[in-house]
Amino acid sequence: MIERLVKEIYIGLNNKCYISSLTMALTLPDICGKAKYPNEKNTKRYKQWLNDYVCNKQPFGLQSDSDTIYNLRCSLLHEGNPSIDK
């Protein structure tokens, strides 16, 4: 299932469906975090998975942290707003 989601993210990017691709990409840590840390609450497992597998890891090494990514996820998925500015 993860491979299919990643393929669809790339399809969206290639077709300039950036919000759809971003939304789907922001759900991946939810899915993977649930599989890796099934007994943790959503926020903790989301951030933990990002810290363990994405943030500060090469070659991905995002310049962002798990708090920022989680805030973007919440803002976009719950409010339809791709900004984390207050």
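At what angle do α2 and helix α3 (residues 42–53) pack, and how far apart are their axes? In this predicted model, the two helices pack at an angle of about 100 degrees, and their axes lie 8 Å apart. Because angles of 65 to 115 degrees count as roughly perpendicular, α2 and α3 are described as roughly perpendicular to each other. On the α2 side the contact is made by L26, P29, D30, C32, G33, K34 and K36, while α3 contributes N42, R45, Y46, W49, L50 and Y53. Sorted by class, the residues of this contact comprise seven nonpolar, two polar and four charged ones.

**Overall architecture**

The protein contains four helices and zero strands, and its pattern, when read along the sequence, is α-α-α-α. For a chain of 86 residues, a compact globule would have a radius of gyration near 12 Å, and the 13 Å found for the protein agrees with that expectation. Taken along the principal axes, the C-alpha atoms fill a box of roughly 35 × 35 × 25 Å. Of the 86 residues, 29% count as buried, and among the contacts between residues at least 6 apart in sequence, 28% join residues at least 24 apart.

**The pairing of α1 with α2**

Two packed helices are described by the angle between their axes and the distance between the axes. Helix α1 (residues 2–14) and helix α2 (residues 18–36) pack at an angle of about 160 degrees, with a separation of 8 Å between their axes. Since an angle over 145 degrees counts as roughly antiparallel, α1 is roughly antiparallel to α2. The crossing of these two helices, α1 and α2, is left-handed. The residues of α1 that make the contact are I2, L5, V6, E8, I9, G12 and L13, and those of α2 are Y18, S21, M24, A25, L28, I31 and C32. This set divides into eleven nonpolar residues, two polar residues and one charged residue. C32 of α2 takes part in the contact with α1, and C32 is also listed in the contact of α2 with α3.

**Individual residues**

Three residues illustrate the range of environments, and their places and accessibilities are set out below.

| Residue | Place | Relative accessibility | Class |
|---|---|---|---|
| S21 | helix α2 | 3% | buried |
| I31 | helix α2 | 37% | partly exposed |
| K16 | loop between α1 and α2 | 63% | exposed |

S21 is one of the α2 residues that make the contact with α1, and, with its neighbours within four places in sequence left aside, S21 is in contact with I9, G12 and L13. Because buried means under 20% relative accessible area, S21 counts as buried at its 3% relative accessibility.

I31 is likewise listed among the α2 residues of the contact with α1, and, not counting residues up to four places away in sequence, I31 touches I2 and L5. With 37% relative accessibility, however, I31 counts as partly exposed. The C-alpha atoms of I31 and K47, which are 16 residues apart along the chain, are separated by 12 Å.

K16 belongs to the loop between α1 and α2, and its backbone has a positive phi of about 60 degrees although K16 is not a glycine. K16 is exposed, with a relative accessible area of 63%.

Key:
Residues are numbered from 1 along each chain as its sequence is written. This is a predicted model: local features need pLDDT of at least 70, side-chain atom pairs count only at pLDDT 80 or more; totals for chains, interfaces and linings use all residues. Side-chain values use heavy atoms; hydrogens and water are left out. Axes are lines fitted to C-alpha atoms, for helices over the stretch in contact, and angles run from 0 to 180 degrees between N-to-C directions. Angles under 35 degrees count as roughly parallel, over 145 as roughly antiparallel, 65 to 115 as roughly perpendicular and the rest as oblique. A crossing is left-handed if the near helix is turned anticlockwise from the far one by less than a right angle, and right-handed if clockwise. Contact means heavy atoms within 4.5 Å. Ala, Val, Leu, Ile, Met, Phe, Trp, Tyr, Cys and Pro count as nonpolar, Asp, Glu, Lys and Arg as charged, and the others, Gly among them, as polar. The radius of gyration is taken over C-alpha atoms; the globule rule is 2.2 Å times the number of residues to the power 0.38. Buried means under 20% relative accessible area, exposed over 50%, partly exposed in between (1.4 Å probe, protein chains only).
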